[in-house]
Amino acid sequence: MIFLFSGFHTKHHLRGASWAGLLVVGLMVAAPARAQRLTLEGRVRAEDGKVIPMGVTVHLETVGGQTVAEQLANSDGEFSIPDLAHADYRLLVTAPGFLPYREELDLRRAAFRFFVGVTLLPEAKQKQDADRLPSLTDM
C-alpha cells in the first residue's frame, strides 16, 4: 500500500522528512498483510528417485475436506501452490500406477515458503508386500 499525495495545501505543510516517515509507516503497515500468506512448494519422485513424467495430481485441502487447490505437477515433478493462509492442510498426491500419498501439513507457523518432498510407491510394491505376509493356512 503506497500513499501518493499531490496538491496538499493547508496551513501546516509537512516537510520532506515527515512525508518520508509517513511513507515508511504506510509500507510497514502493508507488509504484515502480505507476510500472512505462504507458498507450498514440492517435488514428487518415484521410490527410485526418478521423475514421474506425467499424470501427477497434487490436491490440497483443509483438514475439514474443503479443496484449496488441485494441479498437475510439471514435467520435473515440481508443484507450487501460492497464497495460502497459515493453517492445517491435507496433501494428497496421486499418479497412475502408484499408491496415493497423503500427508497432514501444519503450516500454522510456517515461513513464507514451505517445501514438501513426496515419494510415491508403485502399486505393485503393495501387492509384493502383501504376498510376503503369512496367510492363516501357513500357520
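**Exercise 1. Is arginine 108 buried, partly exposed or exposed, and at what relative accessibility?**

Solution. The model is predicted, and the class follows from a computed area.
- Step 1. Partly exposed covers the range between the buried class, under 20%, and the exposed class, over 50%.
- Step 2. Arginine 108 has 46% relative accessibility, so the residue counts as partly exposed.
- Step 3. Arginine 108 forms a salt bridge with aspartate 106, and the closest N and O atoms lie 2.8 Å apart.
- Step 4. Aspartate 106, at 41% relative accessibility, counts as partly exposed.

**Exercise 2. State in which order the helices and strands follow one another in the protein chain, and give the chain's burial and contact figures.**

Solution.
- Step 1. The protein chain holds 2 helices and 7 strands.
- Step 2. Read from the N terminus, the order is α-β-β-β-β-β-β-β-α.
- Step 3. Of the 139 residues, 24% are buried.
- Step 4. Take the contacts between residues at least 6 apart in sequence: 60% of these join residues at least 24 apart.
- Step 5. The chain exposes about 9,800 Å², and 58% of this area is supplied by carbon and sulfur atoms.

**Exercise 3. Find which residues of the largest nonpolar core touch the most other members, and trace the contacts of leucine 91.**

Solution.
- Step 1. The largest nonpolar core has 25 residues, and those touching the most other members are Leu91, Val93 and Leu120.
- Step 2. At least two core residues come from each of S1 (37-46), S2 (57-62), S4 (78-85), S5 (88-94), S6 (101-106) and S7 (113-120).
- Step 3. S1 gives the most to this core, namely 4 residues.
- Step 4. Leaving aside neighbours within four places in sequence, leucine 91 contacts Val58, His59 and Leu60, then Phe79, then Tyr101, Arg102, Glu103 and Leu105, and finally Val116 and Val118.
- Step 5. As background, nonpolar side chains tend to be buried together in soluble globular proteins.

**Exercise 4. Determine which strands are linked by the salt bridge of arginine 113 with glutamate 41 and which by that of glutamate 78 with arginine 43.**

Solution.
- Step 1. The count of salt bridges comes to 7.
- Step 2. In the salt bridge of arginine 113 with glutamate 41, the closest N and O atoms are 3.0 Å apart.
- Step 3. Arginine 113 belongs to strand S7 and glutamate 41 to strand S1, so the pair links distant parts of the chain, 72 residues apart.
- Step 4. Both partners are partly exposed: arginine 113 has a relative accessible area of 49% and glutamate 41 one of 22%.
- Step 5. Glutamate 78 forms a salt bridge with arginine 43, with 3.5 Å between the closest N and O atoms.
- Step 6. This pair also links distant parts of the chain, with glutamate 78 in strand S4 and arginine 43 in strand S1, 35 residues apart.
- Step 7. Glutamate 78 is partly exposed at 32%, and arginine 43 is partly exposed at 34%.

**Exercise 5. Describe the surroundings of glutamate 61, beginning with whether the residue is buried or exposed.**

Solution.
- Step 1. Glutamate 61 sits in strand S2.
- Step 2. The relative accessible area of glutamate 61 is 15%, so the residue is buried.
- Step 3. The side chains of glutamate 61 and histidine 59 are joined by a polar contact of 3.1 Å.
- Step 4. Not counting residues up to four places away in sequence, glutamate 61 touches Gln66, Thr67, Val68, Tyr89 and Arg90.
- Step 5. One of these, threonine 67, is the bridge partner of glutamate 61 in S3.

**Exercise 6. Work out how S2 pairs with S3 and with S5.**

Solution.
- Step 1. S2 and strand S3 (residues 67-72) run antiparallel and are joined by 5 bridges.
- Step 2. The two strands form a hairpin with 4 residues between them, and glycine 65 in the turn has a positive phi of about 95°.
- Step 3. S2 and S5 also run antiparallel, joined by 6 bridges.
- Step 4. Threonine 57 stands opposite threonine 94 in S5.

**Exercise 7. Locate glycine 49 and give the separation of its C-alpha atom from that of leucine 120.**

Solution.
- Step 1. Glycine 49 lies in the loop between S1 and S2.
- Step 2. Glycine 49 is partly exposed, with a relative accessible area of 43%.
- Step 3. The C-alpha atoms of glycine 49 and leucine 120 are separated by 9.4 Å, while the residues are 71 apart along the chain.

Definitions and conventions:
Residues are numbered from 1 along each chain as its sequence is written. This is a predicted model: local features need pLDDT of at least 70, side-chain atom pairs count only at pLDDT 80 or more; totals for chains, interfaces and linings use all residues. Side-chain values use heavy atoms; hydrogens and water are left out. Buried means under 20% relative accessible area, exposed over 50%, partly exposed in between (1.4 Å probe, protein chains only). Contact means heavy atoms within 4.5 Å. Accessible areas come from the Shrake-Rupley method with a 1.4 Å probe; for residues, only the protein chains shown count as cover. A nonpolar core is a set of buried Ala, Val, Leu, Ile, Met, Phe, Trp, Tyr and Cys residues joined through side-chain atoms within 4.5 Å. A salt bridge is a side-chain nitrogen of Lys or Arg within 4 Å of a carboxyl oxygen of Asp or Glu. A polar contact is a pair of N or O atoms within 3.5 Å; within protein, one must be able to donate a hydrogen and the other to accept it, and residues adjacent in sequence count only if both atoms are side-chain atoms. Two strands pair if DSSP finds at least two bridges between them.
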